[in-house]
Amino acid sequence: MPRWARVIAHAIPLLVLPSGVWRIATAVLHVGGDGLRHGAGDLPAWLPGPVYVTFLSVLSELLAFTAVGLVAAWGEVFPRWIPGLGGRRVPLPAAVLPAAFGAAVLTVLGTVVAVSITSGVTLQGGRLPADFPTLTLHGWRLGFFVATYAPLPLWGPLLALLTLAYWRRRRGTGAAQPRG
């Protein structure tokens, strides 16, 4: 595995972490916008905003951490504690297809969201809500918000590079590859 791939794999969870910290700080400490205090947007009434935000942050971080599997031993051989699979090689498509799909979705989503926010519009094309952080925050809070979300559009392209490195490395193992 190339050194750059190891660096990228360990950097991805660190790129995602600041946005989770921001979301939790907003929901729990109210350092961000007022959206969670005035209403939860399109969330169902039974789901409190802070619970949703915390779940989203933890889930995002767990998904980002799966990038490490593309450079770790557990990304090539299932850990022994997994019933029925432990000790077996991870089939190449079982790792590459979800990673490639995730990279594509994250790249498109990250690009579209960055362009829409920069343009001052929502994903649906309407104006950003009056309580959107880039419209309401000032000073260190605005700087903190921007710094925490700015790395997110890199997640998809970096995962794509990492997936390609994993695929190239793994396709050369096992059965002999035809030349041509």
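Helices and strands are DSSP runs, of at least four residues for a helix and at least two for a strand, and they are numbered from the N terminus. Read in this way, the elements of the protein run α-α-α-α-α-α-α from the N terminus on, which is a count of 7 helices and 0 strands. The structure described here is a predicted model, and of the 180 residues of the protein, 31% count as buried.

## Helix α3

Helix α3 covers residues 49-65, and with 17 residues at 1.5 Å a residue it should span 24 Å, a value that agrees with the 24 Å found between its end C-alpha atoms. The buried residues of α3 are G49, V53, S57, S60 and A64. Seen down the axis of the helix, these buried residues fall within an arc of 70°, so they line one face of α3. An α-helix has 3.6 residues a turn, so residues three or four places apart point the same way. On the other side of α3, F55 and L62 are exposed.

S57 is a member of this helix that can be looked at individually. Because buried means under 20% relative accessible area, S57, with a relative accessible area of 7%, belongs to the buried class. The side chain of S57 also has a partner outside α3, since it reaches the backbone oxygen of G20 at 3.5 Å.

## The loop after α3

Two residues of the loop between α3 and α4 can be described in turn, namely T66 and A72. T66 has a relative accessible area of 47% and is therefore partly exposed, whereas A72, at 15% relative accessibility, counts as buried. The side chain of T66 reaches the backbone oxygen of L63 at 2.5 Å.

Residues that are separated along the chain can also be compared by the distance between their C-alpha atoms, and the table lists such pairs, one of which involves R171. The place of R171 is in helix α7, and with a relative accessible area of 40% R171 is partly exposed.

| Pair | Separation along the chain | C-alpha to C-alpha distance |
|---|---|---|
| T66 and P13 | 53 residues | 8.6 Å |
| A72 and M1 | 71 residues | 9.4 Å |
| R171 and L92 | 79 residues | 7.5 Å |

## The second largest pocket

About 530 Å³ of space lies in the second largest pocket of the model. This pocket is lined by 21 residues, of which T66, A67, A95, P98 and A99 are the closest to its centre. T66, whose side chain reaches the backbone oxygen of L63, is thus met again in this part of the structure.

Which helices supply at least two residues each of the lining of the second largest pocket? They are α4, residues 92-119, and α7, residues 155-171. With 8 residues, α4 gives the most to this lining. As to the chemical character of the residues that line the second largest pocket, they divide into 17 nonpolar and 4 polar, with no charged residue among them.

Terms used
Residues numbered from 1 in each chain as written. Predicted model: local features only at pLDDT ≥ 70, side-chain atom pairs only at ≥ 80, totals over all residues. Heavy atoms only, no water. Expected span 1.5 Å × (residues − 1). Buried < 20%, exposed > 50% of the residue type's maximum accessible area, 1.4 Å probe, protein only. Arc of directions from axis to C-beta. 1 Å grid on protein atoms, 1.4 Å probe; cavity = no way out; pocket = protein on both sides within 12 Å on 5 of 7 lines; lining within 4 Å. Points joined across faces, edges and corners; volume = space filled by probe spheres on them. Nonpolar A, V, L, I, M, F, W, Y, C, P; charged D, E, K, R; others polar. Polar contact = N/O pair within 3.5 Å; in protein donor to acceptor, adjacent residues only side chain to side chain.
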